[in-house]
Amino acid sequence: MVVDERRREYLRLLGVEALEPRDDGPLAPSPAPSPAAAPSPAAGLSPAAGPSAGPVAGPCAGDDWEALARRVRSCTACDLAATRTQTVFGVGDHGARWMLIGEAPGAEEDRQGLPFVGRAGQLLTSMVRATGWSRDQVFIANILKCRPPNNRDPRPEEVAHCEGYLHRQVALLRPAVILCLGRIAAQNLLKVEAPLKALRGRTHSYGPAGTPVVVTFHPAYLLRNPADKRRAWEDLRLVLRLLEEAGERAGA
């Protein structure tokens with residue numbers, strides 16, 4: 001694939017010009033992990049992370065996008081309703097082929113009601129554009145729909161109250177690939193306890209449909225550790241490969 005000048009610029013912003021895709025044909029599919037190589041629960045992966053794990057029917061199971069957004073806006077299921085400025089439902093194309101899931105809204109997201117709009121959001125936009133896609137061609141959401149005070153980590157009960165909304169978003173979207181941004185998002189979506197380094201570099205499975213999930217660094221982490229942008233680009237290349245494979249299956 002030939003990389004145009006605009007895409008080269010986004011890659012330069014990511015500090016990965018040395019890892020630009022070459023015009024050498026389609027990316028080769030990643031090999032399936034052998035049973036011996038699969039992580040065990042002792043390595044920090046829960047058995048619930050297998051293909052059978054995923055959403056179950058809930059109170060919003062029949063909601064369309066508009067009804068689900070209304071339900072989120074009026075939600076008072078946990079204490080975060082008392083401290084939020086507004087909910088952050090998510091944004092993007094309702095027909096997107098890939099979905100990005102972060103941890104929770106921050107201060108600017110809470111103010112604007114949109115996910116990833118601060119400095120980390122600007123970097124995320126550059127990351128998406130470096131793949132050849134635009135931000136409005138994907139769908140971006142968070143594990144939590146409300147900001148935790150002082151940007152603390154989500155609490156288990158907050159995740160439990162919010163996960164039905166995210167499950168329904170995934171069900172409505174039916175993405176070909178999900179990209180988890182950061183350890184907390186990945187652990188909560190996949191129901192695992194493994195560290196980020198154990199979750200990256202492999203394809204996970206989500207929900208009854210077995211949606212492929214890729215895990216990468218949170219953009220806020222990359223702002224603090226720019227050297228890891230090269231490794232994040234490797235994760236994005238895996239997303240592109242999975243999208244390509246999904247397109248080939250659909251075409252067949």
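1. A quick definition to start: contact means heavy atoms within 4.5 Å. Helices (H or I, at least four residues) and strands (E, at least two) are DSSP runs, numbered from the N terminus. This is a predicted model, in which local features need pLDDT of at least 70, side-chain atom pairs count only at pLDDT 80 or more, and totals for chains, interfaces and linings use all residues. Residues are numbered from 1 along each chain as its sequence is written, and side-chain values use heavy atoms, with hydrogens and water left out.

2. Helix 2 (residues 65–73) is a nice place to begin: W65, A67, L68, A69 and V72 are buried there (under 20% relative accessible area, 1.4 Å probe, protein chains only). Strand 3 and helix 5 (156–173) are among the elements that cover these buried residues. At the N-terminal end of helix 2, D64 acts as the cap, with a side-chain oxygen 3.3 Å from the backbone nitrogen of E66.

3. Now the sheet. Six strands make an open, mixed sheet in the order 1-3-2-4-6-5 (two strands pair if DSSP finds at least two bridges between them). Strand 1 (91–92) and strand 5 (204–206) are its edges, each pairing on one side only. Strand 3 (residues 139–142) runs antiparallel to strand 1, with two bridges between them; V91 has I140 as its bridge partner.

4. Finally, the largest nonpolar core (buried Ala, Val, Leu, Ile, Met, Phe, Trp, Tyr and Cys residues joined through side-chain atoms within 4.5 Å) has 64 residues, and W98, M99, L100 and L189 touch the most other members. Helix 9 (residues 229–251) supplies the largest share of this core, nine residues. Leaving aside residues up to four places away in sequence, W98 touches, among others, W133, F139, P175, V239 and L243.

Technical notes:
Buried < 20%, exposed > 50% of the residue type's maximum accessible area, 1.4 Å probe, protein only. Polar contact = N/O pair within 3.5 Å; in protein donor to acceptor, adjacent residues only side chain to side chain.
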